[in-house]
Amino acid sequence: MDSNQGNQDKQPVFSIEKLYVRDASLEVPLSPLIFLERHSPQVEVELDSVHKKIDDSVFEVVVSANVKATSSADKVLFIIEVSQAGVFRLRNIPDDYLEGILSVDCPNVVFPYLREVVTDFSTKTGFPPVYMSPVNFQALFEQRKAAANKDK
């Protein structure tokens with residue numbers, strides 16, 4: 001066996017196998033009457049990220065957003081729920097780095113696609129578009145780690 005081949009087999013691998021919308025829904029529950037009123041939507045966004053092992057070195061990472069816009073009179077203008085996913089091949093990565101890659105790097109790849117779907121859906125509601133701010137997945141990961149250590 002060629003020594004270069006042996007070194008290549010031990011090199012860390014991070015590759016994106018597939019990016020896709022796993023689930024999406026849009027609801028404008030009070031349409032069409034809601035369009036006859038003037039509204040300045042108040043938008044709430046809930047974000048979550050989960051991952052699971054699919055195969056020996058293959059993982060699925062899902063970033064989900066739940067976006068709810070309400071009027072000043074607490075009427076629901078629209079609800080958007082999107083789960084954007086990616087399949088990643090991670091090989092020869094030390095265990096102490098794997099959780100960080102799955103919780104930070106992979107969501108950083110997936111998130112721009114999620115943002116695009118949310119903006120596109122919100123535009124289709126007939127209300128002003130929702131532009132999601134960038135997310136610091138590193139900070140979220142650190143918060144989760146700190147909370148988990150605190151519970152121990």
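Two strands count as paired if DSSP finds at least two bridges between them, and in this predicted model strands E1 and E4 pair in the antiparallel sense over 13 bridges. That pairing belongs to an open sheet of 4 strands, arranged in the order E1-E4-E3-E2 with antiparallel pairing. The points below follow the sheet from its edges to strand E4 and then to the helix that lies across the strands.

**The sheet and its edges**
- Strand E1, residues 13-27, and strand E2, residues 42-53, stand at the edges of the sheet, and because each has a single partner strand, one side of each is left without a neighbour in the sheet.
- On average, and with direction ignored, neighbouring strands of this sheet are turned by 15° against each other.

**Strand E4 and its partners**
- Strand E3, which covers residues 58-70, pairs with strand E4, residues 76-91, in the antiparallel sense over 13 bridges.
- Along E4, Phe 88 stands opposite Phe 59, while Ala 85 stands opposite Val 62.
- Asp 23 has Ser 83 in E4 as its bridge partner.
- E3 and E4 also form a hairpin, with 5 residues between the two strands, and Asp 74 in the turn has a positive phi of about 60°.

**Cover over the sheet**
- Helix H2, made up of residues 95-124, lies across E1, E2, E3 and E4, and runs at about 145° to E4.
- Strand E4 is mostly covered, since 13 of its 16 residues are buried, where buried means under 20% relative accessible area.

Methods:
Residues are numbered from 1 along each chain as its sequence is written. This is a predicted model: local features need pLDDT of at least 70, side-chain atom pairs count only at pLDDT 80 or more; totals for chains, interfaces and linings use all residues. Side-chain values use heavy atoms; hydrogens and water are left out. Axes are lines fitted to C-alpha atoms, for helices over the stretch in contact, and angles run from 0 to 180 degrees between N-to-C directions. Contact means heavy atoms within 4.5 Å. Buried means under 20% relative accessible area, exposed over 50%, partly exposed in between (1.4 Å probe, protein chains only).
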